[in-house]
Every structure is written in structure tokens, then in C-alpha cells.
Amino acid sequence: MKKSILFLNCIFLLISGCNSKKEKNDVTNNLPRIAIAGLGIESSTFSPAKTQEEAFHARIGDSIFTRYPFFADSSTIRKRAEWVPTLLGKSLPGGIVTREAYESLVGKTLTMLKNSGPYDGLFFDIHGAMSVEGLEDAEGDLIKRIREVIGPDVLVSTSMDLHGNVSERLARHSDLITCYRMAPHEDALESKERAITNLLDRLESGKGKPAYKVRIPVPILLPGEKTSTRIEPGKSLYAKVPDVADQEGIVDAAIWIGYAWADEPRNHGVVMVTGDDKDKVVAGAEKLAQAFWDVRNEFEFVAPVATLEESLAMALKSDKKPYMISDMGDNPTAGGAGDVTWTLRELLARPEFKSENGPSLIYASIPGPELIKEALKLGIGEKVSATVGAAVDHRFAPPLELTGTITAIHEGDRDAEVEVVVKTGSIHVIVTQKRKPYHQESDFTDLGLQPRETDIVVVKIGYLVPELYDMRGDWIMALTPGGVDQDLERLGYKNIKRPMFPLDKNMEEPDLKAQLVPASDEL
């Protein structure tokens, strides 16, 4: 990984040098100049894991375009502006980001922005739940430092995940702001395209910054597994957003659920509306905020939940394949370390799975660099024995000695780097060099596994992503331990704003009146 960071630094210096030599006003038409930048991650402050720079797989320059289908060479969006892609880093959710990693990525971003300016606009693509050592509002810090480089007049359009957090500072420095309207995030690319289209429309029309921005904090903090838009009340709540956003005089409207597994003052629900019609902006924001508050007691888990023991009992009785069990507490796509061994230990101890003729089960997955090293030496078909897991999060169970037959080895995965399947009894355990979420059927079939024909599939995840959801025969979410424990009261918050629902169930009605946010050039 040090080599990849060194290579990235070399590319960064090369591109920065080229940009610094470029004439700033070398524009042969009247297209707006729009920069692209952003860092995205969900960071659990309740996990002992720490996220390093390489986890962001940072892209520099034109390589950023390939992340977005709507930036294809022939696309309308690509032709509507002179685009200046700088640095974009996106990481799997994880633990808190080290200050060293953050400062390195931010420093590169700021240097590229400085060398390639001036700009008319900025597409600021973030998640909104990044926690950094020594900071309480990482994205707010990032956009403030970007503003110091690009200036207050540049039109900034911020695109976010609905599980992000909108601090007052982020709201002040963003001119346009939006987030996903679906969980699972099937509209992620649609939302990013909307953020860009809004930006282009405001620049091309000459309207520029919206006359009004309203931000309303909503004192609700819930996990995504309770706020899915697949079911009520999330489904109806988010269906109200277009009714507000599509009005004449309004640019956009959004509801942020917020991120439940970080202990910072900004972690809570938020509603924001932007536009030029003050009455509609205010009324729309207050309508959405009140609607959110009114349904607070109706949020339930998106699927049945149970203990792991109860989940296994149901799965073993079921004739539906595959019976999927979400190992929720260590979900790497929500910020879990991904290496908690507690669930796997329980599975391996069950008598039903001791025989290779027992109920078939796939466990995805557990990091085990030591086992990977041994497996690469031995090869497929050989027996391997080595420790796996609990190198990062050993609070709930220690590292596990895993012994079994190697049935598959796969090298070159972007996240896992190396994957090995070990069969022990009737369980196929996927072991990885580095943690990886398993979301697509191909994640399994590429390893010679057939999830549709397997009795039980245990995945470190919360709510099932669309492909797994469509594949399921049946499904239960298991209340397992980890850095993204679904029992929020066990987490021990110290820094969030109180009172906060549902931690303070009998709290008084909050003030949900619209709060006007100053324009970024008035700060």
C-alpha cells in the first residue's frame, strides 16, 4: 500500500505541475469552469478501527470522470461546462480517519484547486459521516478550507448520502445541497446528477446562489436499518420530498436521517430547502421537518430482528433458500471493523454444521491475513489452519483458529485484495486479506459458491442491498455485537446534543421553525 500511495503522490505532483502551468483564462467559449472534489466515508467512532489514506482509493484528474456514467465524453453534462476534476476519494465505511490521512488528502485537494482556478462552480461530492481524529465536523472543516482557496463567490453544489450529517458550517458554505431519497441507495447516481444539473442550471441562467437556504435540525437519531424507504414510515416520508422540491421557486429539498454511530454534536436528523421564494422555502422545510418528527414513533426495523440463536433456529426450520441472516453489529458498510469473530465462533460451535453433510452455510466474511498467507503457499484442495479475525475489534471475541479445506483462492479484488474460501464441516467461510462487503451474487459465484442453492447465507450487513434482497428466500436481521451495534442505548453517547429521540423518549416537542442560513458570500 505504501507503493500505491507513493505512485498516487507522483501522479498528483505531475498533474498539479501541469495545471499550474496552464493559463487560467484559456477558455475559448463561455462555458462555466466547474471543479470536482470530495471525500466520502461513514466513520464509526464506536469502532476501534482507524482508516488510513489508502482506503480512499483516491482518484486524481480525469480518472474521476469514470466514476459517473453521466460524465461520459458524449454526455450532455460533460459538454455543458469546462470540468476541472481534482481529487475524489471514496472509502468503505470504517473507523475514524487518522488526522494524517485526512490532512494528506485535503492538502492535495487544496493544492490542485489552487493551481487550477479560478472557478464558477464546484461539485462537492461527499458522504457526510466522515469522522476524523481531533475534529467534530470533518466535512464542515473540509468545505471551509476549500472556500478559503476558491473564494466565497463560487457556486458550490453539495451531494450527500441521506445518512450524512449537515452541520451549520457545511450548510453555510454550500449554496446548493441535496441527498439521496432512497435507502437502500438505488438513486445514488440520480441524486449526484441532480446536484450537478442544479449547479449548471443556476450558472447558465445567471441566477447563481439561491436567495434563501433553510436548515432545520430534527432531534432524531436512528440507524438506517430502521429508516429504510422500502417500508413505512420512511417510504411515505421521503415521498413528500418531491412535492416540496418540485415547486416553482424552490431549487431542492432534502431530509437527512443522519449517522447514528458517531458521537458528535452534528449527528442527528436535518431538513434543508433552498430556493428563491422565501415563503415556499420556509413552508416546505417546516412541512418536512414536522412530518419527520410526527412519525418518529413509527420507525421499525426493515425486517424481523432476533438474536443470533433465534435467527439460526428459524433458518434451520425454513425450506426457503437461501435463508439470509444479517450479521448487523459488525457491518463494514456502516462502519464496523468487519473482523469481529463472535458470530463465526457461534456458528462453528453449532453441532448442525459439524458434518460436511449438514445444512449448507456460507459466511461472508472475516479478514485473516495469516490464513491467506498460508493458503497461498498450500493451494486449492489442501488443508489449512490459521487464526482469523479480531485483529482490530477483539472486544467481543478473540482471534479464531480456523481449520478446513481450501476450496477457492481469488486474487486482485479491489477491497479484499485476496479471498480464500475454507470449508469446515458444512460451512464455507470466506476469508479476506482486507475486509470486504459481499453485495453481489458474483461476489460469491466468482469464488465457486452458489448462494441460491445454499441453505443459509450469513452476511455482515444491515438491511439487504437490492441484489441480495432479490436473491433471498427469506431473511432475518440478527442483533449481534460490534462497532455498529443496533442497540443505540448501549453505545454510551457523550457528545451528541440532548435531548435526542429515541434516547430521550419523553422529551418535549422541539422547535422546528425554519432557520435561515446566510449565503456563503455573506460569511
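Right where helix H8 starts, a side-chain oxygen of Asp277 comes to within 3.2 Å of the backbone nitrogen of Asp279. That is a polar contact (a pair of N or O atoms within 3.5 Å; within protein, one must be able to donate a hydrogen and the other to accept it, and residues adjacent in sequence count only if both atoms are side-chain atoms). The model is a predicted one, in which local features need pLDDT of at least 70 and side-chain atom pairs count only at pLDDT 80 or more, while totals for chains, interfaces and linings use all residues. Residues are numbered from 1 along each chain as its sequence is written, and side-chain values use heavy atoms, with hydrogens and water left out.

Helix H8 itself covers residues 278-294. Helices (H or I, at least four residues) and strands (E, at least two) are DSSP runs, numbered from the N terminus. With 17 residues at 1.5 Å a residue, H8 should span 24 Å, and its end C-alpha atoms are indeed 24 Å apart; the expected span is 1.5 Å times one less than the number of residues. Among the buried residues of H8 are Val281, Leu288, Phe292 and Trp293. Here buried means under 20% relative accessible area, exposed over 50%, and partly exposed in between (1.4 Å probe, protein chains only). The cover over the buried residues of H8 includes helix H7 (234-245) along with strands E10 (212-218), E11 (250-256) and E12 (269-275).

Turning to charged pairs, a search of the whole structure turns up 40 salt bridges. A salt bridge is a side-chain nitrogen of Lys or Arg within 4 Å of a carboxyl oxygen of Asp or Glu. Side chains of opposite charge can pair when their charged atoms come close. One such pair is Glu374 and Lys377, whose closest N and O atoms are 3.8 Å apart. Both sit in helix H11 (residues 369-378), three residues apart, or about one turn of the helix. An α-helix has 3.6 residues a turn, so residues three or four places apart point the same way. Glu374 is partly exposed at 29% relative accessible area, and Lys377 is exposed at 59%.

Another salt bridge joins Arg490 to Asp485, at 2.6 Å from N to O. Arg490 is exposed, at 54%, whereas Asp485 is buried, at 9%. Arg498 and Asp504 also meet in a salt bridge, at 2.8 Å from N to O. In this pair, Arg498 is partly exposed at 45%, and Asp504 is partly exposed at 21%. Elsewhere, salt bridges with shared partners link Asp137, Glu139, Arg169, Glu264 and Arg266 into one network.

Technical notes
Contact = heavy atoms within 4.5 Å.
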